[in-house]
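I open this notebook with a short record of what I looked up in one protein model. The entries follow the order in which I consulted the structure.

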Amino acid sequence: VYVGTYHNDVYGKVEVKADNNKLYIVIGPRQRRIDLEHVFRDIFRINWDTVSESITTENDKAYFTLNSTGSATKIYIEFFKNDGNGIFTKVDINNK
């Protein structure tokens with residue numbers, strides 16, 4: 001449902017992956033793995049602790065948008081909201 005590659009014109013690519021039924025994102029030039037913890041429905045807590053202790057937890061949620069078939073089409077990463085660019089759109093790999 002959530003796994004895939006998402007794109008944002010400002011921040012580039014975010015990959016959502018799964019390992020042992022747990023989701024994580026891979027982001028940034030260093031391709032850091034950041035774990036996602038399920039909160040409720042399509043909302044996940046981003047565990048920034050694996051990247052930096054200086055990131056506050058007030059912007060720690062990721063919200064997925066699903067289409068009518070239940071597949072994720074977007075991910076909104078709250079941490080990037082101040083730039084107005086927190087929405088990443090899922091890339092359709094069939095159209096590449």
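**Entry 1. A salt bridge and its burial**

I began with Glu15, which is buried at a relative accessible area of 17%; buried means under 20% relative accessible area, exposed means over 50%, and partly exposed lies in between, with a 1.4 Å probe and protein chains only. I noted that its partner Lys17 is partly exposed, at 30%. The side chains of Glu15 and Lys17 meet in a salt bridge, at 4.0 Å from N to O. I took a salt bridge to be a side-chain nitrogen of Lys or Arg within 4 Å of a carboxyl oxygen of Asp or Glu.

**Entry 2. Basis of the entries**

I recorded that the model is predicted, that local features need pLDDT of at least 70, that side-chain atom pairs count only at pLDDT 80 or more, and that totals for chains, interfaces and linings use all residues. Residues are numbered from 1 along each chain as its sequence is written, and side-chain values use heavy atoms, with hydrogens and water left out.

**Entry 3. The chain as a whole**

I found eight strands and zero helices in the protein chain. Helices (H or I, at least four residues) and strands (E, at least two) are DSSP runs, numbered from the N terminus. Of the 96 residues, 31% count as buried. The chain exposes about 6,300 Å², and carbon and sulfur atoms supply 46% of this area; accessible areas come from the Shrake-Rupley method with a 1.4 Å probe, and for residues only the protein chains shown count as cover.

**Entry 4. Further salt bridges**

How many salt bridges does the rule give? I obtained a count of six. One of them joins Asp35 and Arg33, at 3.1 Å from N to O. Asp35 is partly exposed at 29% relative accessible area, and Arg33 is also partly exposed, at 37%.

I next looked up Arg45 and Asp60, which form a salt bridge with their closest N and O atoms 3.3 Å apart. This pair links distant parts of the chain, 15 residues apart: Arg45 belongs to strand S5 (residues 43-46), and Asp60 to the loop between S5 and strand S6 (61-66). Is Asp60 buried or exposed? I found Asp60 buried, at 6% relative accessibility, whereas Arg45 is partly exposed at 21%. Shared partners also join Lys13, Glu15 and Lys17 into one network of salt bridges.

**Entry 5. Strand S1 and its neighbours**

I followed strand S1 (residues 4-8), where the side chains alternate. Gly4, Tyr6 and Asn8 point to one face and are buried, while Thr5 and His7 point to the other and are not. Five bridges join S1 to the antiparallel strand S2 (residues 12-19); two strands pair if DSSP finds at least two bridges between them. Gly4 has Val16 as its bridge partner in S2, and the two strands form a hairpin with three residues between them. S1 is also joined to strand S8 (residues 87-90), antiparallel, by two bridges. There, Tyr6 is partnered with Lys90.

**Entry 6. Strand S5 and its neighbours**

I saw that Phe44 and Ile46 of S5 point to one face and are buried, while Ile43 and Arg45 point to the other and are not. Four bridges join S5 to the antiparallel strand S4 (residues 32-40), with Phe40 opposite Ile43. Two residues separate S4 and S5 in a hairpin, and Arg41 in the turn has a positive phi of about 45°. Three bridges join S5 to S6, again antiparallel, and Ile43 has Tyr63 as its bridge partner in S6.
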